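Welcome! Let us take a friendly look at the empty spaces in this protein and at the residues around them.

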Amino acid sequence: MYKLNQKIWAAIGIVLKAALVLVFVFPFFWMVSVALQTEAEISSSPLTLFPAVPQWINFITAWQKGPFLLYLRNSLSIIVSVIALQMVIMVPAAYAFAKYEFKGKKIMFGLVLIAFMTPGQITFLPIYQMMSDWGIMNSLLPQILPFMTNAFGIFLLRQYFMQVPDELIEAAKLDNAGALKIVYKLMLPMAKPAMSTIVLFSFVSHWNDYFWPLVMTQSTEVCPLTIGIAMLKNTEGVTNWNTIMAGNLILVFPILIVYVLCSKSIIKSFAYSGIK
């Protein structure tokens, strides 16, 4: 009976896991299927799961509906700038919280945790007013400057740096290594999994960001790719879902590539830092 119960619970576990995978995978499968269908197949009843002849031209049609090269350039400019600025600010801050003792350290780290747990929509109005007062609205700057710091990145790197033995740092200091050299020559190479995780999360967050560019920009000249894809619905209407879904796949494809390249580093990062 004990072995039978084990087999029953194992079977139930497999069924639940399969159902969970289906819940997450089916929307993506449906998006791919619709992107490759004709308009007649989309409106057919019952619904068509597999297109008779894949319509790869839908991707070309979606790409030609707007200045998507401009949107892509804007998205890449925003992401590269944000990640670069975050690295400059986040890495020294995490090292200071992990390896230095100074007055107000706990309070300042508490503020970092508060920033980590605060939704961005709460700070939207004061930041919007600040960007407006500076006269930089409707440009790339308000899509970059508010994200110069990364509270999650500071927290994760601090946890990672705290597990680096102090003896290594002392040995580097005996070799006349300064603080910056220790950080960028010793600590960062040992924290590559954590850095890969932070870069991936930041990339996905800003690549998919729709709310912030929507309220900060009014001109297509500075719109990122997410806004450009959303405009397909306005140009195509509600009937040409194949073109709209093709545009969404264009938006999702870079994220899948980055995730495949960084997935192992993410697992190593959370396993090594002890974060469950």
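How many cavities of 30 Å³ or more does a search of the whole structure find? The search finds one. Keep in mind as you read that the model is predicted.

**The cavity**

The largest cavity has a volume of about 100 Å³. Its lining includes S75, I78 and I79, along with Q143, F147, H206 and W207. Further along the sequence, D209, W212, P213, P224 and T226 also line this cavity. Three helices, α4, α10 and α11, each give at least two residues to the cavity lining, and the largest share, three residues, comes from α4.

**The pocket**

Now turn to the largest pocket, which holds about 1000 Å³ of space. Its lining is made of 31 residues, and those nearest the centre are A115, P146, F147, T149 and A151. Six helices each supply at least two residues of this lining: α4 (68-99), α5 (105-117), α6 (124-134), α7 (151-162), α10 (192-207) and α11 (211-216). Here the largest share, five residues, belongs to α10.

You may have spotted F147 in both places: this residue lines the cavity and is among those nearest the centre of the pocket.

**The two linings by class**

| Lining | Nonpolar | Polar | Charged |
|---|---|---|---|
| Largest pocket | 20 residues | 10 residues | one residue |
| Largest cavity | seven residues | four residues | one residue |

So that you can find your way back, α10 is a good place to begin with the pocket, as the source of the largest share of its lining, and α4 plays that part for the cavity.

Technical notes:
Residues are numbered from 1 along each chain as its sequence is written. This is a predicted model: local features need pLDDT of at least 70, side-chain atom pairs count only at pLDDT 80 or more; totals for chains, interfaces and linings use all residues. Side-chain values use heavy atoms; hydrogens and water are left out. On a 1 Å grid over the protein atoms alone, a cavity is a set of points where a 1.4 Å probe fits but cannot get out, and a pocket is an open set with protein on both sides within 12 Å along at least five of seven lines; lining residues have an atom within 4 Å of a point. Grid points are joined across faces, edges and corners, and a volume is the space filled by probe spheres set on the points. Helices (H or I, at least four residues) and strands (E, at least two) are DSSP runs, numbered from the N terminus. Ala, Val, Leu, Ile, Met, Phe, Trp, Tyr, Cys and Pro count as nonpolar, Asp, Glu, Lys and Arg as charged, and the others, Gly among them, as polar.
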